[in-house]
Amino acid sequence: MQTHQKFIKRAIELAKLGAGNVSPNPMVGAVITHDNLIIGEGYHQNYGEAHAEVNAVNEVFKNFNNAPELLKEATIYVTLEPCAHFGKTPPCANLIIKHQIPNVVIGCLDPFDSVNGKGVEKLKNAGINVTTGVLEEKCLALNKRFFTKIQKQRPYVILKWAQTQDGYFSPSDGSQKWISNDLAKTLVHQWRSEEDCVLVGKKTALADNPQLNVRLVSGRNPLRAVIDKNLELPKLHHLFDNSVKTFVFNQHKTAIEGQTYYIGIEDFDYFLPQYILYQLYLQDVQSLIIEGGTKTLQAFIDANLWDEARIITAPTYWGEGLMAPKLKGEVITTQKLDNNLLTVIKAKH
């Protein structure tokens with residue numbers, strides 16, 4: 001079992017390389033071994049392209065002249081159950097059967113209806129030895145976004161804010177005043193590159209005129225979303241620059257203008273977080289970072305519609321201003337970012 005864990009751990013490392021590029025698909029890594037030596041590796045690199053198993057098998061053929069013989073004596077380790085259906089690519093279970101790979105070790109099963117257990121069943125019916133549940137919790141955590149979307153019909157929600165040592169979030173006059181340091185700002189841009197969409201409220205958009213992009217790191221820009229009930233944001237703001245699809249949740253208008261998607265919500269004062277998440281789910285958004293302001297963050301907290309909070313605390317004291325949101329959850333990690341402290345909290349659902 002330790003051998004299985006070793007290679008599934010490597011497959012998890014590979015899978016993470018697909019972060020930010022494969023949504024709404026899950027991140028998947030695959031390792032192929034022969035006599036406990038790795039002969040091929042792969043991961044799902046881009047949405048709609050080859051899956052991890054395909055890339056791993058291709059690497060074996062690239063590196064070994066006797067690849068067909070090696071595969072017939074090999075073990076393939078996969079973080080997620082191989083698919084059994086035709087989607088944008090053929091079923092990976094069929095690929096494994098085709099090459100007569102005799103042993104398959106799987107981290108966790110896939111809850112997606114077209115797969116759930118069917119991949120394992122197809123492999124077993126072909127006489128393949130299948131082992132499941134190796135480092136299962138780590139494999140489930142790897143694709144927490146994908147599983148949330150499939151099982152809860154909403155995106156995985158990450159709350160993010162910076163606060164002072166005495167718990168203040170922003171100046172009370174609505175002006176802009178930075179709290180976090182440069183290292184924290186760069187990390188936030190990295191987070192954006194790994195998620196599908198970023199949401200802010202109207203007051204934050206007015207005060208900061210944010211671009212909500214990843215200009216401080218290399219990576220793809222997320223989709224953007226803003227809550228603007230009465231469509232009061234200036235059209236010259238960065239959010240309307242047509243650089244990326246931007247959702248404007250409002251009470252008056254449903255229309256598409258360039259890259260700006262106006263989504264009208266009639267009952268704006270009731271169940272707003274639920275409406276927003278459902279609309280984003282319909283747009284295939286798998287994960288959402290909410291970056292402010294306090295009213296927006298607190299609305300999702302009060303509705304218990306969040307999964308993770310990332311709170312950056314600076315050593316400064318303001319003595320006045322708008323207080324940061326309050327939430328209850330389990331502290332997962334703390335990390336120093338120079339003189340700032342990052343605390344990651346997991347929701348208790």
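**Strand pairing, packing and one polar contact**

Q: What makes strand E14 (residues 308-313) and strand E17 (residues 340-346) a pair?
A: Two strands pair if DSSP finds at least two bridges between them. E14 and E17 are joined over six bridges in the antiparallel sense, so they satisfy the definition of at least two bridges. Ala309 stands opposite Ile345 in E17. Strands (E, at least two residues) and helices (H or I, at least four) are DSSP runs, numbered from the N terminus. The model is predicted: local features need pLDDT of at least 70 and side-chain atom pairs 80 or more, while totals for chains, interfaces and linings use all residues. Residues are numbered from 1 along each chain as its sequence is written, and side-chain values use heavy atoms, without hydrogens and water.

Q: Why is one side of strand E11 (255-257) and of strand E16 (330-337) left without a neighbour in the sheet?
A: The open sheet has 10 strands with mixed pairing, in the order E11-E12-E10-E9-E8-E13-E6-E14-E17-E16. E11 and E16 stand at its edges, and each has a single partner strand, so one side of each lacks a neighbour.

Q: What does helix H7 (residues 144-152) touch as it packs on the sheet?
A: Helix H7 touches strand E6 (156-163), strand E13 (287-290) and E14, where contact means heavy atoms within 4.5 Å.

Q: What does the side chain of Asn55 reach, and at what distance?
A: Asn55, in helix H2 (residues 52-63), reaches the backbone oxygen of Tyr43 with its side chain at 2.9 Å.

Key
Polar contact = N/O pair within 3.5 Å; in protein donor to acceptor, adjacent residues only side chain to side chain. Axes fitted to C-alpha atoms, helices over the stretch in contact; angles between N-to-C directions.
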